[in-house]
Amino acid sequence: MTDIVVIDESGDLGPKGSEYFAMAAMILPRTRNLKSAYKTIPKDGKEHKWYNSDEDEILELFEAMGRCRFGIVYSVIKKNKPLSDASVYGNELYDRMVCQVVDDALSHLGCRDVKVYLDNNRFISTERFREIVRESSVRSGVNPLEVRKRDSKSTPCLQLVDFVAGSVRAKYERGDTKLSIIEDKISFARRL
């Protein structure tokens, strides 16, 4: 058996813009476990994400996800007032968040073999991402079979984790409560 970990973020990386930056990972024993949830996303030619979906679409998606089998880990940081009192931005912030989320996700697997996918972005190189997963897998005693950056068209679960990451950021930034629908799926939450 092989677990799949998909990772995406929400928020911007600079000192302005969003107050929080969040990164979430979904841990899936099988991608087909989320097929019924994925079917709730409108198929109208545009890519639906947290920021461009209305409240009813998000609620319907999370209710469907609530009936599926998967786990969530996430990290969130208040960019200008982190708990460590040491603000970082840009690619360094992204790198640190990837390290934290990968460590947390790989420590919550249901088996030893894993495939890890990060939503395609320009903030971290594929080689650096592979290095992070390699180092974390040694600490966690897991076997990474595949480590890649992918887009949500080729890996639909990345579209779903976008909604999770957006919901995490909205919870901290605006007190949004939609994440509570799937909170029993959260294995680990970390505020930095």
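**Figure 1. Surroundings of threonine 155 in the predicted model.** Threonine 155 has a relative accessibility of 8% and therefore counts as buried, the limit being under 20%. This residue sits in the loop that runs between β5 (143–150) and α5. Its side chain makes a polar contact of 3.0 Å with the side chain of arginine 150. Apart from residues up to four places away in sequence, threonine 155 touches Val6, Tyr117 and Arg150.

**Figure 2. The largest nonpolar core.** This core holds 33 residues, and the members that touch the most others are Val6, Met26, Leu34 and Met65. Two or more residues each come from β1 (2–10), β2 (20–28), α2 (55–66), β3 (71–78) and α5 (156–174). The greatest contribution is that of α5, which supplies nine residues. A second core, separate from this one, has 28 residues, among them Ala105, Leu118, Ile132 and Val142.

**Figure 3. Contacts of methionine 65.** Methionine 65 is one of the residues that touch the most other members of the largest nonpolar core. With neighbours within four places in sequence set aside, methionine 65 is in contact with Met26, Leu34, Ala37, Phe70, Leu160, Val164, Ile182 and Lys185. Of these partners, Met26 and Leu34 are also listed among the core members that touch the most others.

**Figure 4. Cysteine 68 and cysteine 157.** Zero disulfides are found in a search of the whole structure. Cysteine 68 takes part in no disulfide, and its nearest cysteine sulfur, which belongs to cysteine 157, lies 9.6 Å away. Why is the sulfur of cysteine 157 not bonded to that of cysteine 68? The distance of 9.6 Å to this closest cysteine sulfur is too far for a bond, because a disulfide requires the two sulfur atoms to be within 2.5 Å. Cysteine 68 has a relative accessibility of 6% and so counts as buried. Cysteine 157, at 6% relative accessibility, counts as buried too.

**Figure 5. The largest cavity.** The search gives one cavity of 30 Å³ or more. The space in the largest cavity is about 40 Å³. Its lining consists of Thr40, Ile41, Pro42, His48, Ser53, Glu57, Ile58, Leu61 and Phe163. Which element gives the largest share of this lining? That element is α2, with three residues.

How values were computed. Residues numbered from 1 in each chain as written. Predicted model: local features only at pLDDT ≥ 70, side-chain atom pairs only at ≥ 80, totals over all residues. Heavy atoms only, no water. Core = buried A, V, L, I, M, F, W, Y, C linked by side-chain atoms within 4.5 Å. Buried < 20%, exposed > 50% of the residue type's maximum accessible area, 1.4 Å probe, protein only. Helix = DSSP H or I, 4+ residues; strand = E, 2+ residues; numbered from the N terminus. Contact = heavy atoms within 4.5 Å. Polar contact = N/O pair within 3.5 Å; in protein donor to acceptor, adjacent residues only side chain to side chain. 1 Å grid on protein atoms, 1.4 Å probe; cavity = no way out; pocket = protein on both sides within 12 Å on 5 of 7 lines; lining within 4 Å. Points joined across faces, edges and corners; volume = space filled by probe spheres on them.
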